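Trainee: I have a new model to read. Can we go through its charged side chains together?

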Amino acid sequence: MSERLENFNKRSKDFLDALALIPEARRGESPAADAWSAAFVVHHMADSELHFASRFLHALGDENPNVVPFDEERYP
């Protein structure tokens, strides 16, 4: 396995381990009025993974790929 993939897997495990420290019943609570909840962060990470995977596939497969920005605040 490449070093980058190993690092990605390690960071993914670290992220999930940190999430496990938050009781499931409290993951939807925001620590402050303008802060994201743990559940929101997890959903944002999943959305980001899909967006960037799509971008990479288009960049690799299209002859003249366009990078279309997205507004992360529209997702919640």
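Trainee: Is Asp-14 buried, partly exposed or exposed?
Mentor: Remember that this is a predicted model. The relative accessibility of Asp-14 is 29%. Buried would need under 20%, and exposed over 50%. So Asp-14 counts as partly exposed.

Trainee: Which residue, 3 residues apart from Asp-14 in helix H1, forms a salt bridge with Asp-14?
Mentor: Side chains of opposite charge can pair when their charged atoms come close. Here the closest N and O atoms are 3.1 Å apart, and the cut-off is within 4 Å. Both residues lie in helix H1 (residues 3–20), about one turn of the helix apart. The partner is Arg-11.

Trainee: What is the relative accessible area of Arg-11?
Mentor: Arg-11 is partly exposed. That class ends at 50%. The value for Arg-11 is 49%.

Trainee: How far apart are the closest N and O atoms of Lys-13 and Asp-17?
Mentor: These two are 4 residues apart in helix H1, about one helical turn. Asp-17 is partly exposed, at 37% relative accessibility. Lys-13 and Asp-17 form a salt bridge. Their closest N and O atoms are apart by 2.7 Å.

Trainee: Which side chain meets Arg-26 in a salt bridge?
Mentor: The N to O distance is 3.1 Å. The partner has 41% relative accessibility and counts as partly exposed. It is Glu-29.

Trainee: Which residues do shared salt-bridge partners join into one network?
Mentor: The structure holds 4 salt bridges. Some share partners, and one network results. Its members are Lys-10, Arg-11 and Asp-14.

Key:
Residues numbered from 1 in each chain as written. Predicted model: local features only at pLDDT ≥ 70, side-chain atom pairs only at ≥ 80, totals over all residues. Heavy atoms only, no water. Buried < 20%, exposed > 50% of the residue type's maximum accessible area, 1.4 Å probe, protein only.
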